[in-house]
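Subject: Structure handover

Dear colleague,

Please find the structure below. My notes on it follow directly after.

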Amino acid sequence: MRDHRHGENAAHPPSAVWTGRATNRVQWLLALVGAACMGLGIELAVDSAWTSGVAPLVMAVVGCIAAGLLVLFGTLAFVHVALRVDEEHLEVRCGHIGVPRRRIPLSQVAGATYISHVTPRHWGGWGYRWRPEKGTAVVVRRGEGVELELWDGHTFTVTVDDAEAAVRVIEARLRPTKPGAPAH
């Protein structure tokens, strides 16, 4: 499930923008399930042979279409994640329209760590996740990722291909002390 070639950003000058992404093609199958639910709802609305009344028919149609839309758009939002690191910020965008999105100023990052094996199971599934004991994460597939330690004590993890290169770029751009702390 790699879109990013290893070493592509290895010799990145400090002023350049680093980009990476991770993709999960399994999400497309889940999107098809959502489309099938919507199709079932439309089929029920068009070819209704229900004899038990209008209310059960409307509930079935609305239920199928709502469930289909929820599954379809919920899965398409996490088909891939894109990570962008410039001089001042790290930005994470999910899916084809880039939502949800999180932009973290590098001045808020205390450190970055390469994680060799991030799994949806550790975070409670795919998507944008929050766990009080672990922090926040964007998990679109299992595999390598980057964990940011923020100055406020929180962590932010994102699955991305070539995570080692991302960590090197982030670490090279970090400020050595906590913002507002006196320089020694």
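Ala 172 counts as exposed, at 63% relative accessibility (exposed is over 50% relative accessible area, buried under 20%, partly exposed in between, with a 1.4 Å probe and protein chains only). Ala 172 is found in helix α4 (helices are DSSP runs of H or I with at least four residues, strands runs of E with at least two, numbered from the N terminus). Its C-alpha is 9.9 Å from that of Glu 87, 85 residues apart in sequence.

This is a predicted model, in which local features need pLDDT of at least 70 and side-chain atom pairs pLDDT 80 or more, while totals for chains, interfaces and linings use all residues. Residues are numbered from 1 along each chain as its sequence is written, and side-chain values use heavy atoms, without hydrogens and water.

The largest nonpolar core (buried Ala, Val, Leu, Ile, Met, Phe, Trp, Tyr and Cys joined through side-chain atoms within 4.5 Å) has 29 residues, of which Leu 83, Leu 90, Val 146, Leu 148 and Ile 170 touch the most other members. Two or more residues each come from β1 (18-23), β2 (80-85), β3 (89-94), β5 (109-118), β8 (143-150), β9 (155-159) and α4 (163-173). The most come from α4, which gives six. Apart from this core lies another, of five residues, including Leu 44, Leu 57, Ala 60 and Val 61.

Val 26 lies in helix α1 (residues 26-46) and is partly exposed, with a relative accessible area of 35%.

Regards
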